[in-house]
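Morning, everyone. Let me put the model up, and then I'll talk you through it.

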Amino acid sequence: MTEALRGRGLAVSGSLAAVLTTLAVIGVFLVAPEDADQGIIQKIFYFHVAIAVASLVGFLVACIAGLLYLRRREERWDELSATAVGVSLLFSVLVVITGSIWAKASWGTWWVWSDVRLVTYMIVVLLYAAYFVLRSSLEGERRMRHSAIFAVAAFASVPLSFYSVRIANSFVHPVVFTRNGANMPAEMLVWFVVSVAAMLALFTALVHLQLTQSRADRALRRLKSALEV
Amino acid sequence: MTSPWTRQMRALLLKDLRLELRTRDTLVAMLLFAVLAMLVLQFAFQRVESDLTRFAAGVLWVVMALTSILGVGRSYVAEREQGVLDGLLVAPVSRLVMITAKALAIVAYLAAVEVAVVPMVGVFFVKGPYFSEIGWLILVCLLADVAIGVLGSLLAALALHGRARELLLPVIFLPSLIPVVIAASGATHAITGGPNDLAEYRGYCLFLLVYAVTFGLVTYATYESVFDD
Amino acid sequence: MVGPNGAGKTTVLRMVAALLRPDAGRLAVMGHAMPDEAPRVRGAIGYLGHQPMVYLDLTAWQNLELFADLYGVPRPRARIEELLDRVGLLARSYDTVRTFSRGMAQRLAMARMLLHEPTLLLLDEPHVGLDAPAAAHLDALLTDGDGRSVLMVTHDLERAATLSDRVVVMRAGRVALDVPTAEVTPGELRRRYEEIVA
């Protein structure tokens, strides 16, 4: 019964992600107006920022799930926390890659140290890669507990990294490059919002998928060991 | 009559300092490592720039950050190798007191290293060093040490039981340390590197304070789970 | 508490000492639910494990001073001196534990355990690796009738039968036998133990 429900949940979040992503791709490339200055390459902005937003939400989910694990000591919260970190880490890598492509297109160089968000995301990738290093070196209940604590500490680190990179840049030289974001025309903003929704749906679907898979794995292991005994 | 917390905190801190004074393992290693790191950095820079004054603040805090890994990594070594951790855990000591005492011990190590390293950076890297700003610099050192101590005592406790913990600690510790390096070197540069910009200095110092408070809150939210097997 | 290796004796002891959180079930020590109310119980427990749990690079006195401060022992100097005398280490007060033999370190651990006058002693195979004087000290301590409760894990059936009021035999994580020692002779206990283990 619950297995069937879970399966349906995955189907729902999966199809939602598929529909929204398709919609976002169509909207961004075919409907939204082309940027006057940057041309076609500006389209990467929709996905770059949307993925970044989704990954931050994911790290927040991991942090909250970690706190819930520490309070309740139930394995499912650890599972959710670890899965959210995993998917968000993947998204963060994508943020760095898309950001680098965009930098190449608009400024002619693959990497710009004065781009606060890009540098912050590089730190974030290192930060959460460390989560899995810590996790894989621990065993049993302690693995879940210490992973949860680290998920909380790492999330506290994200804004601190962002602000430290930002103040370092603003003092050295004023921010020269501003990518249009704040004052976006309405027809762009609509598709930006759709992209964010699509990436959030994709995040949810991937977490769902991973959770379903690890639960199936666990059930399989339990069955195997039951058969052996 | 002192409160039990201050009495326990003093006892734990005194114990760590006594152990270090007797064996001198950690401090000697930290000092030698700091000098070596300075030497390596000077070789890396000198090819392009013969006057390294502008880099001095950065050199100081890169060296201190790397050196702090040694101190933090050794911070639970006596408890672990001599099996005393259980002895402390069965005693009626709040885990918050234990972690805070460790943070203070780390601060003490770092301050002791800085007493030697700050003048050395001055001599080796600054053309015509001057001492008028030493009071401001001491404040930066203390703030940065507290920031490193708060983060370090929590993460060292997480890495305590991990496999390959010597490798684990730098990986989980350094990404979160980047903001400290940025802010501490920024503050140091602001008062010693020419601009003598007090607003900038205050901004960085405030950031270090916020950093320490943030990880203090993370520790406060999670300390009960750190040693709770 | 006796039983073969891996029966779960040490695990039980560590759970009672609030060093381990039970995965399931309920545990109360002196009327307090563990591990939630552990902070109230810790001050009344004295724990002695396989290892002495003292710092090798501190002196005997410094070690006891540390734990006296942690437990909030009143008039610590007099108490430390009394205990060092009692375990026969007064002459070595200012030597680091690194220079001690295993038996001496374990005697110091006994002093550490008794420092705060605990009402419940938890002992994990305390006789292992003890020299004769240390073992004598320990046995004297266990039989001095100071009104303390003692929970001891041991491999030594004879000691268990003579020192305790109750013997619990554990096997594969479960209690296999729980009898007052008054109701069984040492020989009978030995026979039933062999039966359970086999």
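I'll take the chain contacts, then a helix pair in chain A, then a sheet in chain C. One caution before that: this is a predicted model.

Chains first. Two pairs of chains touch, and the most contacts are between chains A and B. Chain A and chain C are not joined by any contact. The closest C-alpha atoms of those two chains lie 10 Å apart.

Now chain B against chain C. How many residues does each chain put into that contact? Chain B gives 22 residues, and chain C gives 24 residues. Look at the chain B side. Both α1 (4-23) and α5 (85-90) of chain B supply at least two residues there. The largest share is from α1(B), with nine residues. As for character, that side of chain B has 10 nonpolar residues, five polar and seven charged.

Next, chain A. Please find helix α2, residues 44-72, and helix α6, residues 186-228. Their axes come within 8 Å and cross at roughly 45°. That crossing angle is why α2(A) counts as oblique to α6(A). The handedness of the crossing is right-handed.

Which residues meet there? On α2(A), they include Tyr46(A), Phe47(A), Ile51(A) and Val57(A). On α6(A), they include Trp191(A), Phe192(A), Met199(A) and Phe203(A). Gly58(A) in α2(A) and Ser195(A) in α6(A) are also among the residues of this contact. The split for this helix contact is 14 nonpolar, two polar and no charged.

Over to chain C, and its sheet. It is an open sheet of three strands, in the order β3-β4-β5, and the pairing is parallel. Which strands stand at the edges? Those are β3 (45-48) and β5 (149-153) of chain C. Each has a single partner strand, so one side of each is left without a neighbour in the sheet. On average, neighbouring strands are turned by 10° against each other, direction ignored.

Zoom in on β4(C), residues 120-124. This strand pairs with β5(C) in the parallel sense, over five bridges. Within β5(C), Val153(C) stands opposite Asp124(C).

Last, the helices on this sheet. Helix α1 of chain C, residues 9-16, lies across β4 and β5 of that chain. Helix α1(C) runs at about 145° to β5(C). Helix α5 of chain C, residues 102-114, packs on the sheet too, touching β3 and β4. The direction of α5(C) makes about 165° with that of β3(C).

That's my tour. Over to you.

Key: Residues numbered from 1 in each chain as written. Chains lettered and ligands numbered in written order. Predicted model: local features only at pLDDT ≥ 70, side-chain atom pairs only at ≥ 80, totals over all residues. Contact = placed C-beta atoms within 7 Å. Helix = DSSP H or I, 4+ residues; strand = E, 2+ residues; numbered from the N terminus. Nonpolar A, V, L, I, M, F, W, Y, C, P; charged D, E, K, R; others polar. Axes fitted to C-alpha atoms, helices over the stretch in contact; angles between N-to-C directions. Parallel < 35°, antiparallel > 145°, perpendicular 65-115°, else oblique. Left-handed = near helix turned anticlockwise from the far one by under 90°. Pairing = 2+ DSSP bridges.
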